[in-house]
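Let's take a walk through this structure together, starting with its empty spaces and ending with a helix. Please keep the viewer open as you read.

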Amino acid sequence: MMKGFFLNRDKFLNILDNINIWDVLIIGGGATGLGIALDSASRGYKTILLEQSDFSKGTSSRSTKLVHGGIRYLAQGNIKLVYEALQERGLLLKNAPHLVKKQRFVIPIFSWKMGFLYWTGLKLYEWLAGSLSFGKCKFLSKNEILKIFPEIKPDKLKGGILYYDGQFDDARLAINLAQTCVQKGGILLNYFQVKNLIKKVGNKISGVIADDLETKKEYSIYSKTVINATGVFSNAISKMDESKCTILIKPSQGTHIVLKKSFFSSSNAIVIPKTSDGRVLFSVPWYDHVLVGTTDTFLDKCILEPKPLEKEIDFILKTFNKYFIHSPRKSDILSAFSGLRPLVVSHHLSHSSSTKDISRSHKLMISPSGLVTIIGGKWTTYRKMAEDTVNKAIEIGNLNKVPSLTKNIKIYGSVSSSNSNNNRKKQSSCWKKYGEDEYHIKKLIQDNPLLGDSLIISQEEDNKDDKNKYSSYYSCTKAEVIWMVRYEMARTIEDVLARRLRLLFLNAKIAIEIAPKVASLMAQELSRDESWEKSQVASFKELAMQYYYPSDPSV
């Protein structure tokens with residue numbers, strides 16, 4: 001039954017030991033690196049990717065969960081970027097329908113003049129999408145808006161404009177991209193840290209020195225090309241190449257909060273296109289919750305686990321409360337998380353105080369030694385970024401020229417098995433995200449019914465007064481954890497609860513509660529001892545408390 005393209009760390013290490021030189025070596029396992037690995041492997045090049053933590057640990061698991069052209073970029077006049085993103089949005093829906101879906105968005109109108117401008121912009125947005133359009137925009141009356149959004153404040157509301165964009169699960173797509181890469185012959189290793197570059201005569205890069213963070217073993221890995229796809233951490237790799245090299249990156253932090261559906265019950269998303277400080281605010285249904293964000297705050301330094309700033313949380317709550325009847329407090333936040341955007345700035349913009357001045361287009365840089373660095377861009381355009389990067393790597397590494405195939409490659413998971421397809425319409429989102437693996441996970445339960453037990457305590461056992469505490473999404477099973485360890489290369493509790501089950505991003509308190517159960521299941525699979533379990537639970541709890549607001553200091 002198992003075909004061998006699942007993620008298996010031991011198997012990948014064996015392959016690594018048996019290949020002397022690779023064609024393409026990628027540093028960084030986020031959206032950009034994974035996209036490059038898939039593009040490269042599908043062209044037939046010997047491809048290896050190294051990630052210092054888990055796949056999509058950084059920015060790529062912390063997005064607003066939107067596959068979109070970017071309506072705000074139209075206002076900046078960046079038609080080329082919007083057009084490119086809309087084409088890629090259409091390809092993503094075609095190639096990963098189990099994770100990407102069309103989503104209805106509404107922009108409320110409080111001024112007829114602004115309404116006319118929004119309508120003009122959205123018609124252009126629709127036209128740019130061409131045959132890949134997700135749907136036609138439509139004007140809605142005030143009564144229609146109030147019906148769709150019963151929680152919105154009616155004050156000064158004139159009406160609204162309905163338009164269509166895309167939504168997805170970012171971290172799940174990252175795992176599926178890794179699986180698709182393996183399907184095409186590539187290998188990927190998480191918890192594998194590059195600590196130096198290998199150079200040959202002429203100061204040309206010929207590989208990397210990296211440590212397996214699990215076994216502490218050092219590897220010298222040789223490759224015809226080395227690609228730096230580490231996003232906000234690109235400077236760390238560039239300095240290994242040239243100690244004085246500095247890529248001008250201005251990291252911007254985007255913070256989101258997650259609330260219960262009782263604050264925003266609509267299945268439609270809403271966009272506040274111009275908030276008090278000029279930023280866009282989204283309120284988007286996601287896995288039976290509502291995701292609200294994002295901020296755009298410059299930071300001085302990049303860290304792997306960025307923390308939401310109090311001023312960002314206050315801004316989101318204040319803006320949300322301005323437009324909606326129910327006013328959530330900090331104690332109502334189920335989870336709050338931040339991601340860093342690697343914005344590349346020109347020298348004349350290096351002192352700008354606004355991120356809107358900085359392009360979201362991706363940039364390719366080639367150092368004298370041959371190091372290829374890709375920076376910028378966004379999730380929606382990951383495939384085009386990858387194609388451009390591999391085209392450049394072919395030139396740098398003098399590889400046989402093969403065209404990109406990724407426009408027509410179905411992402412792993414997109415083809416549902418016949419066993420589950422019959423119930424596709426009735427299927428809950430917690431199973432749909434697995435695509436074809438749903439059948440395999442349910443087969444584990446069939447073979448061992450105990451694995452069908454839920455990780456979450458039943459609502460009857462919990463406080464009956466808190467009827468909204470557990471959403472239907474929380475019905476995760478033990479089998480899913482087993483699957484993630486065996487076939488998705490989950491190595492820590494965080495890997496499972498943050499990026500594969502998404503519970504840390506949805507409800508930090510519940511994630512903390514079930515961490516011991518997850519640790520026990522993982523310890524058995526990974527042959528770890530009790531001290532490993534305790535250490536994992538302790539470190540996960542410390543991490544999860546950064547996402548959690550247990551009390552409201554204003555009360």
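**Inner spaces and a covered helix**

In this predicted model, the count comes to two cavities of 30 Å³ or more. The largest has a volume of about 90 Å³. Around it you will find Leu38, Glu88, Leu91, Leu92, Asn95, Thr380, Tyr382, Arg383, Thr406, Ile409 and Ile411. Helix α4 (79-95) and α10 (382-397) each supply at least two residues of this lining, and the largest share, four residues, comes from α4. Sorted by class, the lining has six nonpolar, three polar and two charged residues.

Now move on to the second largest cavity, which holds about 70 Å³ of space. Its lining includes Leu86, Arg89, Leu122, Tyr125, Glu126 and Ala129, and also Ser133, Phe134, Gly135, Cys137, Tyr163 and Tyr164. Two or more of these residues come from each of α4, α5 (112-129) and β6 (159-167). Here α5 gives the most, with four residues. By class, this lining divides into eight nonpolar, two polar and two charged residues.

Leu38, one of the residues lining the largest cavity, brings us to helix α2, where Leu38 is among the buried residues. How many of the residues of α2 are buried? The helix is mostly covered, with 12 of its 12 residues buried. Its length makes a neat check: at 1.5 Å a residue, the 12 residues of α2 (residues 31-42) should span 16 Å, and because the end C-alpha atoms are 16 Å apart, the two values agree. After α2 comes Gly44, with a positive phi near 100°.

How values were computed
Residues numbered from 1 in each chain as written. Predicted model: local features only at pLDDT ≥ 70, side-chain atom pairs only at ≥ 80, totals over all residues. Heavy atoms only, no water. Expected span 1.5 Å × (residues − 1). Buried < 20%, exposed > 50% of the residue type's maximum accessible area, 1.4 Å probe, protein only. 1 Å grid on protein atoms, 1.4 Å probe; cavity = no way out; pocket = protein on both sides within 12 Å on 5 of 7 lines; lining within 4 Å. Points joined across faces, edges and corners; volume = space filled by probe spheres on them. Nonpolar A, V, L, I, M, F, W, Y, C, P; charged D, E, K, R; others polar.
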